[in-house]
Amino acid sequence: MSQIYNFSAGPAMLPTQVLKQMQGELLEYGNAKASVMEISHRGADFMAMAQKSEADLRGLMNIPDNYKVLFLQGGASAQFSMVPINLLRGKTTANYAHTGHWSKKAIAEGERYCKVNICTDSSGNKYTNIDDFSKWHIDEKGAYLHYTPNETIAGLEFDYVPEVDMPLVADMSSTILSREIDVSKYGVIYAGAQKNIGIAGLTIVIVREDLIGSVVKNQPILFDYATQANNDSMYNTPSTYPWYVAARVFEWLKAQGGLSAMAKINQNKANTLYEAIDASDFYSNPVAKKYRSWMNVPFLLADENLNGLFLEKATNNGLITLKGHRSVGGMRASIYNAMPQEGVDQLVGFMQDFEKENG
Ligand SMILES: *Cc1c(COP(=O)(O)O)cnc(C)c1O
């Protein structure tokens, strides 16, 4: 197989090294004499993997001891419900920042449980800009503030962390592990695995301990953070294979030098691509420069009639899944941790050649 670079927004590409490890371990995992998919999650082999994966993630993200790490199912979308169920704690209002497609979905779900105060709204600028924090309207009686640090579809990313006197909740599905963050600023961080952690079927939730245990009555027992925390995410069968893949990705990240090293690589990749877009009249990106995503880079061709040809030629050159989300159009290059700098360099080279031929 010739070298392929996959720019999919999610499920996204995995590090080649991790894929090879998965292949090598597929038939026999460790001393288990069976694959990791075929063994009990309560057996010694799986338990050792689970414990090491949590320790590795804690080390990578520098997670304080007063936070639980949960390995759940249901995707980030299940957290749209679990957050209000667990965090309302008798209150009737919560604050939500509306900065894109995913925060809009979180808001719609939040509204089923409480009065949602939209404290900032980027829909008027088509999710290309974020209000300065001083312009937000926070309801101080709100139980929490929910925001989406990186909006995967529009490629809009916060360059600041909102500071509030209530638990801060972050949907980090498309930005977790891309750089160092200060976990102690957050009440809850959650992320579906299929973008920057591993494969679909696993959701990681990092939750401060004092926010666990006050769930709204008569909700599904699996949706209570306490159920999951008190049972080490094994109240029922966890998503064993996705958990194992995440464990291998954490080891890979450690070998790359951890999150400070990833941040440098990621920033460099993003700069390479945005510089190429800005240097040309043929390509454009509509997002305010300050809030451009390091992870998802949408770009438009000046002549959208060339979109089909661009995608066809890109695919023939081993650059796949560049089609933009239907709500934005054009192209989108998702360049998560697993995308090497060479992939971005190849894309930029291809874009320049395409412009020469068609510009
Ligand atoms: C992909 C994505 C989701 C949806 O995740 P699921 O795991 O499919 O529920 C939610 N939020 C963000 C920011 C995403 O990128």
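Begin by selecting Pro 11, which in this predicted model sits in the loop that leads from strand E1 (5-6) to helix H1 (16-24). Display the backbone on its N-terminal side as well, since the peptide bond from Gly 10 to Pro 11 is cis, with omega near -10°.

A second backbone detail is found at Arg 89, a residue placed in the loop between H3 and E3. Its phi is near 45°, a positive value in a residue other than glycine.

From that loop, step back to helix H3 itself and bring up the ligand. Helix H3 (residues 75-87) contributes four residues to the shell around the ligand, and no element gives more. In total 13 residues surround the ligand, and the closest are Ser 77, Thr 152, Asp 171, Gln 194 and Lys 195. Coloured by class, this shell would show three nonpolar, eight polar and two charged residues.

Now select individual side chains in the shell and look at the ligand oxygens. The side chain of Thr 152 has an N or O atom 2.4 Å from an oxygen atom of the ligand. For Ser 77, the corresponding separation between a side-chain N or O atom and a ligand oxygen is 2.6 Å. At Gln 194, a polar side-chain atom lies 2.9 Å from an oxygen atom of the ligand. Taken on its own, the ligand has 390 Å² of accessible area, and the protein covers 88% of it.

With the ligand still in view, highlight the positions that come from the UniProt record. Its unreviewed entry places the feature "binding site" at Ala 76, Ser 77, Trp 102, Thr 152, Asp 171, Gln 194, Asn 236 and Thr 237. These positions are spread over 162 residues of sequence and also spread in space, with up to 30.7 Å between C-alpha atoms. Ala 76, one of the annotated positions, belongs to helix H3.

The same record helps to frame the wider view. An annotation in the unreviewed entry, "domain: Aminotransferase class V", covers residues 4-347. Over residues 4-347 the chain is 32% helix and 17% strand, and the C-alpha atoms at the two ends are 11 Å apart.

Next, show the strands and trace the open sheet of seven, whose order is E2-E10-E9-E8-E5-E3-E4 and whose pairing is mixed. Strand E2 (67-72) and strand E4 (115-121) stand at its edges with a single partner strand each, so one side of each has no neighbour in the sheet. On average, neighbouring strands of this sheet are turned by 15° against each other, with direction ignored.

Within this sheet, zoom in on strand E3 (residues 93-98) and strand E5 (residues 145-147), which pair in the parallel sense over two bridges. To locate one of these contacts, select Asn 95, whose bridge partner in E5 is Leu 145.

The last stop is an open sheet of three strands, ordered E11-E12-E14, in which the pairing is antiparallel. Its edges are strand E11 (283-284) and strand E14 (331-334), and because each has a single partner strand, one side of each is left without a neighbour in the sheet. Follow E11 across to strand E12 (residues 296-301), to which it is joined by two bridges, the two strands running antiparallel. Finish by selecting Ser 284, which stands opposite Leu 300 in E12.

How values were computed. Residues numbered from 1 in each chain as written. Predicted model: local features only at pLDDT ≥ 70, side-chain atom pairs only at ≥ 80, totals over all residues. Heavy atoms only, no water. Near = heavy atom within 4 Å. Polar contact = N/O pair within 3.5 Å; in protein donor to acceptor, adjacent residues only side chain to side chain. Areas by Shrake-Rupley, 256 points an atom, 1.4 Å probe, with all protein chains shown as cover. Nonpolar A, V, L, I, M, F, W, Y, C, P; charged D, E, K, R; others polar. UniProt positions renumbered as here; feature names shortened; annotations may be inferred. Pairing = 2+ DSSP bridges. Axes fitted to C-alpha atoms, helices over the stretch in contact; angles between N-to-C directions.
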